[in-house]
Structures are given as structure tokens and as C-alpha cells.
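Q: Could you take me through this structure, asking at each step what makes a label fit?

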Amino acid sequence: MEPPSRRDHAVRALLAHGLLTDDQPLAALLDLRSVQETTTALHAAFDAVTAPGQPVLHTFAVKAGTLVPVLRLLDGFGIGSEVASLGELALAQRAGLAPDRIVLDSPAKTETELRQALRLGIAMNADNPQELARLDALLPAHPGHGPLGLRINPQLGGGTIDAMSTATATSKFGIALRDPGARDWVVRAFLDRPWLTRLHCHVGSQGMALARMAEGVRESYELAEEVNAAAGERRIDTLDIGGGLPVNFDSDEVTPSFAEYARLLRDTVPGLFDGRYGLVTEFGRSLLAKAGAVVARVEYTKEAGGRPIAVTHAGAQVAVRTVFAPASWPLRVAVYDAKGEPGAGPIQRQDVAGPCCFAGDLVAIDRPLPRLRPGDLVALLDTGAYYFSTPFGYNALPRPAVYGFTVDGAGPAVFTPLRRAQTLEELVEESGGSL
């Protein structure tokens with residue numbers, strides 16, 4: 001019998017501390033040691049391939065984990081924040097991040113957003129010619145602005161998930177580099193704007209092959225070399241190579257690894273690491289996914305058409321991508337009994353349903369699992385990114401509490417609150433209850 005995992009200890013502790021109850025039958029867990037291990041692996045992977053003294057800023061894509069304590073924790077581990085809205089920027093600021101550790105990316109920045117970013121001195125990547133024109137007009141009033149860059153789309157094609165593919169021929173992001181005249185326009189944009197010093201490219205995330213991601217970085221590097229040659233000086237000094245490392249949702253194995261990706265970049269774009277360019281990364285899902293689990297109580301069990309169904313409290317409100325696109329976003333399900341012990345007994349194929357009032361609210365379909373009973377627990381694994389931090393407001397279900405946890409040896413889990421469970425009063429208030 002395998003020894004209990006850190007997650008097993010945490011699930012038992014949830015029950016022991018009364019944190020999973022009839023009033024709150026759903027909670028989320030984040031393994032803080034796992035987060036530290038992952039960030040350490042990221043730093044080590046790039047340290048192994050970069051030149052001595054080469055500036056590298058690793059940032060976390062805040063959309064993957066919109067929790068202030070998590071951003072503060074990552075900052076302590078040397079990971080900045082990549083934000084895509086004023087809301088995400090406010091979260092990073094509340095977490096205490098310094099302006100030089102924040103990067104703003106968005107395809108729809110308002111003038112208010114642009115002014116605030118310029119005033120704060122944070123780095124920012126423009127998405128399109130019209131945004132550059134706005135910056136032309138705004139810059140004279142903001143001489144102390146931070147680094148400014150331009151996002152390109154190398155139009156390399158998509159991956160296995162269309163919605164996650166940002167380098168298709170018709171992607172909404174960046175300057176479409178292979179459109180007629182676009183490359184020459186980009187070169188001229190840099191030559192005309194000495195304040196434009198960065199080039200940004202992000203080709204996709206889940207479902208994207210590493211080789212295609214590396215090819216996108218190579219395209220950015222070659223374009224930067226072309227711009228600098230045309231300028232007769234190093235006009236572009238930093239390459240923002242995005243993030244998007246896919247996550248393995250099939251097992252506990254971490255694959256691909258940051259080290260594998262860094263080595264592939266070194267082999268594909270060796271000039272990237274000779275020290276002439278600063279680097280920025282924007283990893284999100286790959287930093288947190290494996291550290292998280294959503295734990296829910298089984299409320300009822302039934303059969304329909306001969307198939308067992310377990311009705312739980314984890315559905316589309318926390319696992320919206322899995323419910324609506326299960327082929328692209330399958331999740332592993334771990335089973336625990338009512339005392340928090342790992343599920344045992346005969347395996348039976350069954351559905352795991354959520355609480356939402358539509359027939360498709362299923363997080364697992366015809367899945368072989370130990371037979372579930374009322375009062376048992378299910379844990380949706382690899383959910384540390386997106387799942388409990390970007391909820392879906394269906395049926396006005398309150399957002400669950402999120403607990404960071406640490407386990408020292410075989411001892412009990414020690415919890416650190418990362419978000420309180422939303423109260424019904426808070427839910428009513430945000431839905432206009434005081435109007």
C-alpha cells in the first residue's frame with residue numbers, strides 16, 4: 001500500500017478542522033510546497049541556459065490564479081505578475097508587487113488603462129497599430145513610463161485546442177506578421193519610436209506542441225535581430241517570450257518540464273541566451289495546476305439507465321472548462337470515504353455530477369472509480385490553476401473557500417487561508433442586493 005500523499009493528509013485535515021460541512025460542502029486546496037518546488041524548477045531551468053548576468057523576469061499569468069495571497073506567495077518565490085486588466089493589476093498591487101515586476105498585456109486596453117500603466121511605470125506590450133497611435137499621443141505627458149513593447153503573431157498555426165491557440169492566421173492577438181506588409185510595418189514602427197524596446201510573442205498554451213512554442217520564440221528573436229540591424233543599434237533589448245507550457249492532466253507526472261522547454265529553446269534559438277537580450281516569461285497554468293485540488297462531498301447517489309451517478313457539489317461553477325469541453329479538459333478524480341481515507345473497494349464505472357441545474361453538469365462520465373456513496377468525497381485533481389480562482393456564476397452558487405496547506409513528514413496538514421468562502425449575504429450584495 002502506498003504511503004499517504006500530501007493531498008491525502010490535507011483531505012483528512014479538512015474534515016478534522018470542520019472545514020467541509022453541510023453548510024460548506026465544497027473547498028479548494030493548494031499545496032504550498034508544490035508551488036515552491038515548481039517555481040524553483042522554473043528558475044533552475046532558465047539559470048541552466050542563460051548567460052551569466054542575463055536579466056530574466058519570470059511572471060505569473062494572473063488570470064490563472066486571481067488570488068492576492070497566491071500572487072504574494074509567488075512574488076516571494078521570485079515570480080512577478082503578468083496582468084491583462086485593471087482588475088488583475090489591482091490584485092497584483094494589493095499583493096505588494098513592485099512596478100518593475102508587473103507586465104500588462106491585453107488586446108483591448110482603454111485609454112484609462114494605458115494612462116494608469118504609464119503613470120505607474122509598469123511594463124506594457126501594445127497589441128495593434130491603433131494602440132500604438134494612442135501611446136504616441138499619451139507618452140509626452142508620462143516621461144517616467146516603464147518599458148514598452150509590441151506583440152506579434154507569427155501565424156504558425158494552432159494546437160489541439162482552438163480556443164487556446166493564439167498564433168493562428170486569424171488570431172485576435174498581436175500584429176499578424178505574415179499578412180502583406182506587416183513585417184515591414186513592424187520594423188518601421190520600431191525605427192520611428194525609440195521608446196519601443198520590447199518584442200512580445202505568445203503562441204498558445206494547453207494543447208500546443210513545445211516545438212511550435214519554440215518556433216514562435218525563434219520568430220521573435222529573428223525579428224528583433226532584423227529591427228536592431230535596421231536601426232544600427234540595439235533598439236530592442238528585451239524579448240517577452242510568453243508562457244503557456246502545457247500541463248499533463250493524465251497522471252501525477254510533471255511533463256513537459258520547464259527544463260525540457262528551456263533546453264529546447266536553447267537548441268532552437270541559441271542566440272536568445274547569449275546575454276544580449278533580457279527575457280520575460282509569462283507562465284500560468286504550469287505553475288499552479290498540479291498543486292491544486294477541489295474537494296466536494298457526495299450528496300446523493302442514484303442510477304439512470306443502468307449507470308450509477310454520484311451527485312456532488314463540484315460542477316460547472318468551479319470546473320466550467322471540463323464540463324463544457326470535457327475532451328479538451330479532462331480531470332482525474334480521486335475518491336475518499338466519509339472519514340477522508342482514500343477510496344477502496346470494487347471499481348465501477350459511474351458518472352460524477354455537479355450541483356448545477358442543467359443535464360450536462362458532469363465532471364466525469366462513465367469513469368471507473370470505487371463505488372461512491374453519500375457522504376464520500378471526490379477530489380478533482382490538477383485544478384490549482386483557473387478552476388477555483390475563476391468561478392462560473394451559474395445558479396448563484398457561493399464561491400468555495402481556498403486553503404493553502406503544508407505537510408511536514410507524516411504530520412497533519414497546516415492550513416493557510418487563501419480565500420474565505422463567499423457568504424450568501426456577499427453573493428446577494430454583488431448581485432445588486434442593496435440597490
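A: A residue is called buried when its relative accessible area is under 20%, exposed when that area is over 50%, and partly exposed in between. The model is a predicted one.

Q: Why is Asp 351 called buried or exposed?
A: The relative accessibility of Asp 351 is 7%, and the limit for buried is under 20%, so Asp 351 counts as buried. Asp 351 is found in strand 14, which covers residues 347–353.

Q: Which residues is Asp 351 in contact with, leaving aside its neighbours within four places in sequence?
A: With those neighbours left aside, the contacts of Asp 351 include Arg 307, Pro 308, Ile 309 and Ala 310, and also Leu 362, Ala 364, Ile 365 and Asp 366.

Q: What makes the pairing of the side chains of Asp 351 and Arg 307 a polar contact?
A: The two side chains come to 3.3 Å, and a polar contact requires a pair of N or O atoms within 3.5 Å, so the pair carries that name.

Q: How do you know that Arg 188 and Asp 192 meet in a salt bridge?
A: The N to O distance between their side chains is 3.2 Å, and a salt bridge calls for a side-chain nitrogen of Lys or Arg within 4 Å of a carboxyl oxygen of Asp or Glu, so the pair qualifies. Both residues belong to helix 7 (residues 182–192), where they sit four residues apart, about one turn of the helix.

Q: What makes Arg 188 and Asp 192 partly exposed?
A: Arg 188 has a relative accessibility of 46%, and Asp 192 has a relative accessible area of 46%; partly exposed covers what lies between under 20% and over 50%, so the label applies to Arg 188 and to Asp 192.

Q: Why is Asp 267 called exposed, and Arg 266 partly exposed?
A: Asp 267 reaches 55% relative accessibility and exposed means over 50%, so Asp 267 counts as exposed, whereas Arg 266, at 36%, counts as partly exposed. The side chains of Asp 267 and Arg 266 meet in a salt bridge, at 3.4 Å from N to O.

Q: What does the salt bridge between Glu 303 and Arg 371 tie together?
A: The closest N and O atoms of Glu 303 and Arg 371 are 3.8 Å apart. Because Glu 303 lies in strand 11 (residues 292–304) and Arg 371 in the loop between strand 15 (362–370) and strand 16 (377–381), the pair ties together parts that are 68 residues apart in sequence.

Q: How many salt bridges does a search of the whole structure find?
A: The search finds 27 salt bridges. Some link into a network, formed by Asp 252, Lys 290, Arg 332 and Asp 382.

Q: Which residues touch the most other members of the largest nonpolar core?
A: They are Phe 46 and Leu 239, in a core of 106 residues. Helix 8 (residues 210–231) supplies the largest share of this core, eight residues.

Q: Why does Cys 357 form no bond with Cys 356?
A: The sulfur of Cys 357 has its closest cysteine sulfur, that of Cys 356, at 7.5 Å, and a disulfide needs the two sulfur atoms within 2.5 Å, so the gap is too far for a bond. The structure holds zero disulfides.

Notes: Residues are numbered from 1 along each chain as its sequence is written. This is a predicted model: local features need pLDDT of at least 70, side-chain atom pairs count only at pLDDT 80 or more; totals for chains, interfaces and linings use all residues. Side-chain values use heavy atoms; hydrogens and water are left out. Helices (H or I, at least four residues) and strands (E, at least two) are DSSP runs, numbered from the N terminus. Buried means under 20% relative accessible area, exposed over 50%, partly exposed in between (1.4 Å probe, protein chains only). A polar contact is a pair of N or O atoms within 3.5 Å; within protein, one must be able to donate a hydrogen and the other to accept it, and residues adjacent in sequence count only if both atoms are side-chain atoms. Contact means heavy atoms within 4.5 Å. A nonpolar core is a set of buried Ala, Val, Leu, Ile, Met, Phe, Trp, Tyr and Cys residues joined through side-chain atoms within 4.5 Å.
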